[in-house]
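Subject: Structure for you to look at

Hello,

Here is the structure I said I would pass on. My notes on the sheet, the helices against it and the cavity search follow below.

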Amino acid sequence: VADFGAHRGEFFAALKSEHPISRALLVEANPALAEPLQERLGNEADVVHAALVGENKGGTIAFSRSIEPEASSIFSEWAGFHGLADQVEVPAIDLQEALRRLGGRVDLAKFDIEGAEVGVLETATASDLASCGQLTVEFHDKRPPVTQRDIDRVCERMRSEGYALVNANWPYFNDVLFVNLRSMPPIRRMVFRCLVALANTLFIARRILFGNGHFLKRNVHLT
């Protein structure tokens, strides 16, 4: 399991309470959150204080801390929406390095990295994406620099790499699950395509009939 934007470790704790986890990587850029994570979960997971970025040339990256900690980001305009607290230099890693720390493969990765998810998924190599089973992504298109066009481009890229897409909060993109169909046997892949189509239809119907809701983060499963 990989948790990019681990915050206080809620996602990992929820998964661990329901599934056996053999190896976990928790990446958090905000030092105010990363240090307590290392103290609490350092014996259960590899906790890394770093920002996940798309193109990592080594070294550090400027990280803008917001008054609202969960809105902190490598994008100052994003963090500043709630009020900018300060800016610090933090270590940077890319998806390839994260996968290396996990032994080259991850069954489930969560991305909640405040706008950086677009750059990470756009620049990831095909082999790195092939090494992932499922990706649950919270896209952020409410404020610059991320736009809906950026998200559409990433989703198209993921489809071209063999991923099916489930959008649990249609018509928004803040609760998206990508499932790697190429990692499945042909018959299971065909069945899963049908299930994905059904799930998306139900999520659209739910939105039309009942309004808002979030589902995926409570119902992802490990393969």
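**What was found**

Thr136 stands opposite Leu177 in strand 10. Please keep in mind that this is a predicted model.

That pair belongs to the contact between strand 8 (residues 132-137) and strand 10 (residues 176-180), which pair in the antiparallel sense over 4 bridges. Both strands are part of an open sheet of 7 strands, in the order 3-2-1-7-8-10-9 and with mixed pairing. Strand 3 (46-49) and strand 9 (163-167) form the edges, each pairing on one side only. From one strand to the next, the twist averages 15°.

Helix 2 (residues 31-41) packs on this sheet, where it touches strand 2 (25-28) and strand 3. The direction of helix 2 makes about 160° with that of strand 3. Helix 8 (residues 186-210) lies across strand 9 and strand 10, and runs at about 20° to strand 9.

I also looked for enclosed space. The count comes to 1 cavity of 30 Å³ or more. Its volume is about 170 Å³.

Which residues lie nearest the centre of this cavity? They are Gly5, Ala29, Phe63, Ser72 and Ile113, out of a lining of 21 residues. Strand 2 and strand 4 (51-52) are the elements that give two or more residues to that lining. By type, the lining residues divide into 12 nonpolar, 5 polar and 4 charged.

Regards

Notes: Residues are numbered from 1 along each chain as its sequence is written. This is a predicted model: local features need pLDDT of at least 70, side-chain atom pairs count only at pLDDT 80 or more; totals for chains, interfaces and linings use all residues. Side-chain values use heavy atoms; hydrogens and water are left out. Two strands pair if DSSP finds at least two bridges between them. Axes are lines fitted to C-alpha atoms, for helices over the stretch in contact, and angles run from 0 to 180 degrees between N-to-C directions. Contact means heavy atoms within 4.5 Å. On a 1 Å grid over the protein atoms alone, a cavity is a set of points where a 1.4 Å probe fits but cannot get out, and a pocket is an open set with protein on both sides within 12 Å along at least five of seven lines; lining residues have an atom within 4 Å of a point. Grid points are joined across faces, edges and corners, and a volume is the space filled by probe spheres set on the points. Ala, Val, Leu, Ile, Met, Phe, Trp, Tyr, Cys and Pro count as nonpolar, Asp, Glu, Lys and Arg as charged, and the others, Gly among them, as polar.
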